[in-house]
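Biologist: I should like to learn how a sheet is read from a model. Could you take me through one example?

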Amino acid sequence: MGSGYLIIAGAIMLFSWLVSSKLKSKFELYSKLQLRNGMSGAEIAEKMLADNGIRDVRVISTPGQLTDHYNPSDKTVNLSEAVYNHRNAAAAAVAAHECGHAVQHSIGYEWLTMRSKLVPIVSVASNYVQWILLAGILMMRAFPQLLLIGIIIFAATTLFTIITLPVEYDASNRALAWLENKHMLTQEEQAGAKDALKWAARTYVVAAIGSIATLLYYISIYSGNRRN
């Protein structure tokens, strides 16, 4: 792959590890900050949905850690067991954030709609794109078009990571605004929820930067080969 790719990959992996470690420590910290209102993550989610007039979305528990997500296909807010059952600032932040996606879906938020349209393409592309790119580099002299095909496919996955940024930040902003406007949390709890979601959002920033950098690297290989 060359030293350039290794440097880029190493820097991205290091940055990703630092952000993930910071996120983990933040969630551990705010998981110890128990809510004064005594509500669980599931109860927070159900109230936020109700306050936004959303009656057709179910809040369910899903196994694992960091498995929280909103599924627009079956209209479910899926909360990991720790978030679903626990009554702390971290659980409140995650539950409200996932409901933020449900609100986006209910109002037809354009960035979420765009991302949803890309999901089938990215799901297929992610399984094959690295092999196509590798084959494209190995066969660059004989069949340079293969690398170009890989770059185009990878560009779709990169676009997905970029579109994800406004979707995630908007969901967090909706969550924090609702938590504050409805006086769900104390000032300390609100600050903790905001800090936790800030670091969660940064993981998506890292993913987008990494994807853009990798895309530019492959483009530079293809361009260099064309010049030669």
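Modeller: The following dialogue treats one sheet and one of its residues. This is a predicted model, in which local features need pLDDT of at least 70, side-chain atom pairs count only at pLDDT 80 or more, and totals for chains, interfaces and linings use all residues. Residues are numbered from 1 along each chain as its sequence is written, and side-chain values use heavy atoms, with hydrogens and water left out.

Biologist: What is the order of the strands in the open sheet?

Modeller: Strands of a sheet pair through backbone hydrogen bonds, either parallel or antiparallel. Here three strands (DSSP runs of E, at least two residues; pairing requires at least two DSSP bridges) form an open sheet in the order β1-β3-β2, with mixed pairing. Because β1 and β2 (69-71) each have a single partner strand, one side of each lacks a neighbour in the sheet.

Biologist: How many bridges join β1 to β3, and how many join β2 to β3?

Modeller: β1 and β3 (residues 76-80) run parallel and are joined by five bridges; β2 and β3 run antiparallel and are joined by three. Val77 in β3 stands opposite Val59 and also opposite Tyr70.

Biologist: Is Thr62 buried or exposed?

Modeller: Thr62, in strand β1 (residues 58-62), is buried, with a relative accessible area of 13%; buried means under 20% relative accessible area, exposed over 50%, and partly exposed in between (1.4 Å probe, protein chains only). The bridge partner of Thr62 in β3 is Ser80. In β3, five of its five residues are buried.

Notes. Helices (H or I, at least four residues) and strands (E, at least two) are DSSP runs, numbered from the N terminus.
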